[in-house]
Amino acid sequence: MEGIEKFVVTLSLILIFVFIFLAFLFLGKAKKIKSKIEEPQKREDGAEALFKRFNENWQGVLVHINTSNESDWKLAIIEADKIVDKILILRGLKGESMAERMISIDNQELKSLDLLWEAHKVRNPIAHKPCFKLDFNQDKKIISYYEEVLKDLRAIGG
């Protein structure tokens, strides 16, 4: 009887280890499946967070243009330009500068591309020439160009 008992105990231990191994294997596969299911949700959350951040940054631009201070108007244009440039980078456009990235955009991809060029042409002297003068009407027009571009890029609502 003693030999049979040893055999049963040994067999039981082997079966226990096999079941433990299979349980860990199953849990590992379950984690992989769960992560594949959660990954698209994380991407959506990331895109939603970006959209929210772009909208918040855009609201900051709108605050700057609604002052009586020319420096704020200039800052609004510079900030709007930065928002668009970040989006172009996130879309995978290559180039050392925003202008280089804009060159690679097709008019069919971005219907407001001409408006973006006009706005960016005003942004450059603001950034590089401290004595550059800007009037309120010009600022409003340029900001409306950036707004149209951001809507085309689906970065802000509207």
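The following exchange examines how several labels in this predicted model are justified.

Me: Why is Arg-101 called buried?
Reply: The relative accessible area of Arg-101 is 7%. Buried means under 20%, so Arg-101, at 7%, receives that label.

Me: What makes Arg-101 and Asp-85 a salt bridge?
Reply: Their closest N and O atoms are 2.8 Å apart. The criterion is a side-chain nitrogen of Lys or Arg within 4 Å of a carboxyl oxygen of Asp or Glu, so the pair qualifies. Arg-101 lies in helix α3 and Asp-85 in helix α2, so the salt bridge ties together parts that are 16 residues apart in sequence. Both partners are buried.

Me: Which residues does Arg-101 touch, not counting residues up to four places away in sequence?
Reply: Arg-101 touches Asp-85, Leu-88, Ile-89, Leu-93, Lys-94, Gly-95 and Glu-96. Arg-101 itself belongs to helix α3, residues 98–103.

Me: How do you know that Lys-82 forms a salt bridge with Glu-79?
Reply: The closest N and O atoms of Lys-82 and Glu-79 are 3.5 Å apart. The limit is 4 Å, so this pair is accepted. Both residues lie in helix α2 (residues 70–90), 3 residues apart, which is about one turn of the helix.

Me: Why are Lys-82 and Glu-79 each called partly exposed?
Reply: Lys-82 has a relative accessible area of 44%, and Glu-79 has 27%. Partly exposed covers values between the buried limit of 20% and the exposed limit of 50%. Lys-82 therefore counts as partly exposed, and so does Glu-79.

Me: Why is Lys-121 called exposed, and Glu-118 partly exposed?
Reply: Lys-121 has a relative accessible area of 52%. Exposed means over 50%, so Lys-121 meets the condition. Glu-118, at 40%, is partly exposed because its value falls between 20% and 50%. These two residues form a salt bridge with closest N and O atoms 3.7 Å apart, and both lie in helix α4 (residues 113–128).

Me: How many salt bridges are counted, and which residues are linked in a network?
Reply: The count comes to 7 salt bridges. Glu-70, Lys-74 and Lys-133 are linked in a network of them.

Me: What makes Val-8 eligible for the nonpolar surface patch?
Reply: Val-8, in helix α1 (residues 2–65), has a relative accessible area of 44%. Patch residues need over 30%, so Val-8 passes that cut-off. The patch covers about 1,100 Å², and its members include Phe-7, Leu-11 and Leu-25.

How values were computed:
Residues numbered from 1 in each chain as written. Predicted model: local features only at pLDDT ≥ 70, side-chain atom pairs only at ≥ 80, totals over all residues. Heavy atoms only, no water. Patch = residues over 30% accessible without salt bridge, like charges linked within 9 Å, V, L, I, M, F, W, Y side chains within 5 Å. Areas by Shrake-Rupley, 256 points an atom, 1.4 Å probe, with all protein chains shown as cover. Helix = DSSP H or I, 4+ residues; strand = E, 2+ residues; numbered from the N terminus. Buried < 20%, exposed > 50% of the residue type's maximum accessible area, 1.4 Å probe, protein only. Contact = heavy atoms within 4.5 Å.
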